[in-house]
Each structure stands twice: as C-alpha cells, then as structure tokens.
Amino acid sequence: MRMIEEFFENSADSVIGINQYQRICFWNRACERLFGLPPGQVRDKSCNDVVRGSDLNGDVFCRPDCPIFSKLRRRESAADHDLVIQGPTIAPVVVNVGTFVTPAAGRKRTDAIAFLVFRRVDAYCLIKRLAAEAKLPKNNAKPCKYQLTAREMEILELTAKGLKTPQLAAQLFISATTVRNHLKNIFSKLGVHSRAEAVGLALRSNFF
C-alpha cells in the first residue's frame, strides 16, 4: 500500500484519501495546488467540508450523507462524476472525480478505505456535457410546455420506472433532500400533488 500512496503522491491528478469516518487521511501535492491548501490544514477534516462540491446543475453534492462515500464504505465501485469545486482560495473549477477502493488486504496498512482522483475538465468537454444534459426527449412538446428542466425530466422518467427517493439519490449522485426538492418543483410545474399523478400525466402526454 505504501507503493500505491507513493504513486498517488507523484500523480499529476489531485488525489484525496478518505478513511472510514469520511475524513481526509491522504492529500497529494497536486491537491495542494488545486485547492490551495497544504496537507496540515485538511488532514482529519471531513471530505465534504473541504471539497464543498456541487453538480453541474448547481445542486450541493458534497454532504455528510454523500452517496459516493456510502458505496465506498461497502467496497462498491462508484461511477465517475463531475463536480464544481470552489473555496476561499480558488475560483470555481470543474473536475471529473474517479474512485479507487482500497483492497481489503491493504486496509491493514493504510487508513484510507478509498482514494478520490480529481481531473480538471477542459472547456470543450464541459460544453459537450452541458449540451448533452440540456437535450430534451425527441417528443418534447409537452415538457417544453411545462418548462421542465433536463434534470427534472430525468427524475420524472426514473420515477416512472419505479425508483424511490433513496434509489434516485444514489443513481444521480445527489442527496435525498435534493431529490425531494426537484419533485416538489415537478409537481408545481405540472399542477399535480403526487408522484402517481405526475407519472400519469407524463405517460398520457408521451413525455418519454
């Protein structure tokens, strides 16, 4: 495991190691350059308090109930995701975050249960991703009428497939509170009062 930490220390990507309590136990030199903070100022601090990331829709992502951390504690892989990070010493930066779960045998020699790898997203890739998220379904007359956002359409479609709030939060890498807020906005725009009504209207109007 020392070899892995040495590899991450010399990586051009910013790498954070987190322990079972969601606290930072590893912080490489690239992280110091990205965040403008030395290891001594972040060690043992909560990862979400230091990174303070949000998704591309502006929703807070880094929270104590982080869905990514829940997966990592269970030694499950987590899909790469984009974050907007900012802080008192840095301007907003878009990064793609990958994860590396520490093998069970290696946990005896390191406090890190997983490592988070941050890679800057260049402007071209960011524009392509934002354009893709802004796309509506082919039959978009009704969604446009109700002014649903791309994220609201995504949540509504997944709700129609039977996903509940915890499942939506885990799949979209957002908090349960954010999911509920999106659903409230959907209900308001559609003029309905429940998920069943919202899904029924969406299906009758061929939203997807």
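Biologist: In which loop is the place of R52?
Modeller: This is a predicted model, in which local features need pLDDT of at least 70 and side-chain atom pairs count only at pLDDT 80 or more, while totals for chains, interfaces and linings use all residues. Residues are numbered from 1 along each chain as its sequence is written, and side-chain values use heavy atoms, leaving out hydrogens and water. Helices (H or I, at least four residues) and strands (E, at least two) are DSSP runs numbered from the N terminus. On that numbering, R52 sits in the loop between helix 4 (47-51) and helix 5 (67-73).

Biologist: Which class of exposure does R52 fall in?
Modeller: Buried means under 20% relative accessible area, exposed over 50%, and partly exposed in between (1.4 Å probe, protein chains only). R52 has a relative accessible area of 46%, so its class is partly exposed.

Biologist: What is the phi of N206?
Modeller: N206 is found in the segment after helix 11 (195-204), and at 45% relative accessibility it counts as partly exposed. N206 is not a glycine, yet its phi is positive, at about 55°.

Biologist: How many aromatic pairs does the structure hold?
Modeller: Rings of Phe, Tyr and Trp (its six-membered ring) pair if their centres lie within 6.5 Å; planes under 30 degrees apart count as stacked, over 60 as edge-to-face and the rest as tilted. By this rule, the number of aromatic pairs in the structure is seven.

Biologist: How many residues apart in sequence are the parts that F8 and F100 tie together?
Modeller: F8 and F100 form an edge-to-face pair, with 5.8 Å centre to centre and 75° between the planes. F8 belongs to helix 1 (residues 2-9) and F100 to strand 4 (residues 90-101), so the parts joined by this pair are separated in sequence by 92 residues.

Biologist: Of F8 and F100, which counts as buried?
Modeller: F100 has 30% relative accessibility, so it counts as partly exposed. The value of 7% relative accessibility puts under the buried heading F8.

Biologist: In which strand is the partner that F8 in helix 1 pairs with, 107 residues apart?
Modeller: The rings of F8 and F115 have centres 4.8 Å apart and planes at 40°, so this pair is tilted. It links distant parts of the chain, and F115 is in strand 5 (residues 114-120).

Biologist: Which residues form one aromatic cluster?
Modeller: One member, F115, counts as buried at 0% relative accessibility. The cluster is formed by F8, F26, F100 and F115.
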